[in-house]
Amino acid sequence: MPPAVVILASFLLLRCVYVVDAAECEPVACGNFTIKYPFWLGAPRRPPPEPSCGHPAFELWCIDGNTTASMSGSPLHVHSIDYATRSFVVYHNRVASGTDGVCRADFNVSSSLALSPFNISPTNQALCFLSDCKNGTEPRGPQYVNATGKPIFAYLGGSYDRDRPPAIDTGTCTYNYLPGPGAEAAWAGAGIGDCPACIATGGQCRYSNANAAFGCLCPGDGRLRGLTCAGESAHAATSL
C-alpha cells in the first residue's frame with residue numbers, strides 16, 4: 001500500500017475513534033429527564049471510558065424499559081433532574097417498591113448518599129416511621145398515619161437533617177426516618193467543573209478518573225485541554 005494511503009487510513013481510524021467517544025457521551029433521554037454531564041449513562045459490567053463522560057458518583061443506569069434511572073444500579077432511583085439548580089429528586093426502591101414497600105424502611109435510607117458529593121436539601125421534611133411497637137405503645141393522634149396494613153406509623157417530623165434525627169419519645173417502638181416527600185439532593189464542588197464554560201468554547205465536558213479532575217475535551221486530537229478550550233485555536237496554529 002502506498003505511503004499516502006497508509007497515512008490516510010490511519011487518519012480515518014483515529015477520526016472514527018474520536019467520533020465514537022463523542023457519541024458515547026452525548027445527552028440521552030431516560031424516562032422524563034435527560035442524562036448529561038455531570039451525570040452519565042453507565043451499565044452493568046461496563047467499565048467507564050478514560051476520560052469518563054462524568055464524575056463516578058453521577059453514574060446512572062437507565063432501567064425498567066428506559067422509564068427510570070438508578071444510581072449505579074443501587075436502590076436509589078432518580079425521579080427528576082434540574083440542571084439549572086444543580087439538584088435532583090430521588091427515592092429509595094425499598095420504600096417505594098409496592099403497596100407494602102414502606103415496611104422495608106428499616107434503616108436511614110439517606111445514608112446511601114453519605115459518602116457521595118451530594119447534599120440533601122433542608123427544604124425536605126423528615127418522614128418518620130414507628131414500627132414494632134411493644135405492649136400497646138402505638139402512637140396516638142391525628143399526626144400519625146398507619147402507613148400500611150401492618151402496624152407501621154408514619155408522620156412528618158419537621159425539617160430534615162441527616163445528622164440530627166427529629167426529637168420524639170419513641171417508647172418501645174423501632175424508629176427510622178428519611179427525607180421526604182420528594183427528597184431533593186443538590187450537588188456542588190466534587191471537581192465536576194464548569195461545564196457551560198467548556199461548551200461555550202467549543203469543548204465537551206469530561207472527567208478524568210486518572211487525575212480525579214474535570215477536563216474540557218477540545219476539537220482536534222481528542223485530548224483534555226484544561227478547564228476550557230479558550231486559546232486552543234491559537235495553540236493549534238502555533239503547533240502547525
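A disulfide is taken here as a pair of cysteine sulfur atoms within 2.5 Å. The structure is a predicted model. On this criterion, the link of Cys195 and Cys205 qualifies, with sulfur atoms 1.9 Å apart. The torsion about its S-S bond is 105°, and the link is right-handed. Cys195 belongs to helix α2 and Cys205 to strand β14, so the pair ties together parts that are 10 residues apart in sequence. Both Cys195 and Cys205 are buried.

A search of the whole structure finds six disulfides. With bonded cysteines counted along the chain, the pattern reads 1-3, 2-4, 5-6, 7-9, 8-10, 11-12.

Helix α2 also carries Cys198. This residue forms a disulfide with Cys216, and the two sulfur atoms lie 2.0 Å apart. The torsion about the S-S bond of Cys198 and Cys216 is about 90°, so this disulfide is right-handed. The partner, Cys216, sits in strand β15 (residues 213-217). The bond therefore links distant parts of the chain, 18 residues apart. Relative accessibility is 0% for Cys198, which counts as buried. Cys216 is likewise buried, at 0%.

A further disulfide joins Cys30 to Cys62, with an S to S distance of 2.1 Å. Its torsion about the S-S bond is about 105°, so the disulfide is right-handed. Cys30 lies in strand β1 (residues 28-30) and Cys62 in strand β4 (residues 59-63). The pair thus ties together parts that are 32 residues apart in sequence. Cys30 has a relative accessible area of 1%. The cut-off for buried is under 20%, so Cys30 is buried. Cys128 is also buried, with 0% relative accessibility.

The cysteines of the α2–β14 link recur in the description of the largest pocket. This pocket holds about 400 Å³ of space. Its lining comprises 19 residues. Those nearest the centre are Lys36, Tyr37, Cys195, Ile199 and Cys205. Two elements, α2 (195-200) and β14 (204-208), give two or more residues to the lining. By class, the lining has 13 nonpolar, two polar and four charged residues. Cys195 and Cys205, which are joined by a disulfide, are thus both among the residues nearest the pocket centre.

Definitions and conventions
Residues numbered from 1 in each chain as written. Predicted model: local features only at pLDDT ≥ 70, side-chain atom pairs only at ≥ 80, totals over all residues. Heavy atoms only, no water. 1 Å grid on protein atoms, 1.4 Å probe; cavity = no way out; pocket = protein on both sides within 12 Å on 5 of 7 lines; lining within 4 Å. Points joined across faces, edges and corners; volume = space filled by probe spheres on them. Helix = DSSP H or I, 4+ residues; strand = E, 2+ residues; numbered from the N terminus. Nonpolar A, V, L, I, M, F, W, Y, C, P; charged D, E, K, R; others polar. Buried < 20%, exposed > 50% of the residue type's maximum accessible area, 1.4 Å probe, protein only.
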